[in-house]
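Welcome! Please take a first look at the sequence and the fold below, and then read on for a guided walk through some of the details.

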Amino acid sequence: MRAVILFVSLAFSAAAQQAPVAKQEVPDNIALHAAPAQPLPYSHKTHVALGLECRRCHTNPDPGNQMTFPATTTCMACHSTIAKEKHAIVKLAEFARSSQPIPWQRVYQVTPGVTWAHRKHLAAGMQCVMCHGQVPQMDAMAQNTSVTSMASCMSCHESHKASTACQTCHAWPAS
């Protein structure tokens, strides 16, 4: 099993070295935001170090507005054998057996009145780290960047030569 993990980790590491490295473009939040209480402890730092990519766990189904949380079957693909005796993994297995989704708490919320989609940004070549910061270094996900502020959106749109017209992000009532 350890050899399989090492092989997968090396394969992902080789692929990651070939991909262009994105940098965080959205400023950090001015004030610290505590990570919300989650039903299970989860370390992005640990999982990314194993070579897991964001899109492996966070899919973007239609209509593409939000990224999803992973199904328990996704987690259990590894955790049916890895660290299965740990309390958190036992609890994860209980969610899986009951076919219940894990009730994760969202960290970022789109501001009311804003029409926004992850899919458009992914199609434009944006990478997760550009807006969400150094998630691969986080043990607990928190709202570390100001990605939901209008100033951050405007600045990014300007730097990437994307439209800054109001209707790009805001729905207007029909006249």
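Two residues are in contact when they have heavy atoms within 4.5 Å. Helices (H or I, at least four residues) and strands (E, at least two) are DSSP runs, numbered from the N terminus. This is a predicted model, in which local features need pLDDT of at least 70 and side-chain atom pairs count only at pLDDT 80 or more, while totals for chains, interfaces and linings use all residues. Residues are numbered from 1 along each chain as its sequence is written, and side-chain values use heavy atoms, with hydrogens and water left out.

## Helix α8 and its surroundings

Let us begin with helix α8, which spans residues 150–159. Its buried residues pack against α6 (118–123) and α9 (166–169). Here, buried means under 20% relative accessible area, exposed means over 50%, and partly exposed lies in between (1.4 Å probe, protein chains only). Which residues of α8 are buried? They are Ser152, Cys156 and His157. Seen down the axis of α8, these buried residues fall within an arc of 130°, so they line one face of the helix. The arc is that of the directions from the helix axis to the C-beta atoms. On the face of α8 turned away from the buried side sit the exposed residues Met150, Ala151 and Glu158.

Histidine 157, in helix α8, deserves a closer look. Its relative accessibility is 15%, so histidine 157 counts as buried. Leaving aside residues up to four places away in sequence, histidine 157 touches His121, Ala162, Ser163, Thr164, Thr168 and Cys169.

## Helix α5

Helix α5 (87–97) invites a similar reading. Ala88, Ile89, Leu92, Ala93 and Phe95 are its buried residues. They cover an arc of only 155° around the axis, which puts them on the same side of α5. His87 and Arg97 are exposed residues on the face of α5 turned away from its buried side. Among what covers the buried residues of α5 is α4 (72–79).

## Backbone details

Now for the backbone, where several residues have a positive phi. The table gathers three of them.

| Residue | Phi | Where |
|---|---|---|
| Alanine 83 | near 55° | loop between α4 and α5 |
| Serine 99 | about 60° | just after α5 |
| Lysine 161 | about 55° | loop between α8 and α9 |

Neither alanine 83 nor lysine 161 is a glycine. Alanine 83 is partly exposed, with a relative accessible area of 22%. Lysine 161, by contrast, has 77% relative accessibility and counts as exposed.

Another backbone detail is the cis peptide bond that joins aspartate 62 and proline 63, with omega at about 5°. Proline 63 lies in the loop between α3 (54–57) and α4.

## An aromatic pair

How many aromatic pairs does the structure hold? There is one. Rings of Phe, Tyr and Trp (its six-membered ring) pair if their centres lie within 6.5 Å; planes under 30 degrees apart count as stacked, over 60 as edge-to-face and the rest as tilted. The partners are tyrosine 42 and tryptophan 104, with ring centres 6.4 Å apart and planes at 75°, so the pair is edge-to-face. This pair links distant parts of the chain: tyrosine 42 is in the loop between α1 (2–18) and α2 (44–49), tryptophan 104 is in the loop between α5 and α6, and the two are 62 residues apart. Tyrosine 42 counts as partly exposed at 30% relative accessibility, whereas tryptophan 104 counts as buried at 16%.

Another link across the sequence involves glutamine 127, in the loop between α6 and α7 (128–132). Glutamine 127 and lysine 23 are 104 residues apart in sequence, yet their C-alpha atoms are 8.6 Å apart in space. Glutamine 127 is partly exposed, with a relative accessible area of 34%.

## The cysteines

A disulfide is a pair of cysteine sulfur atoms within 2.5 Å, and the structure holds zero disulfides. Cysteine 75 is in no disulfide, and its nearest cysteine sulfur, that of cysteine 57, is 6.3 Å away. With 17% relative accessibility, cysteine 75 counts as buried.

Why is there no bond between cysteine 131 and cysteine 156? Their sulfurs are 5.7 Å apart, too far for a bond, although cysteine 156 holds the closest cysteine sulfur to that of cysteine 131. Cysteine 131 counts as buried, at 16% relative accessibility.
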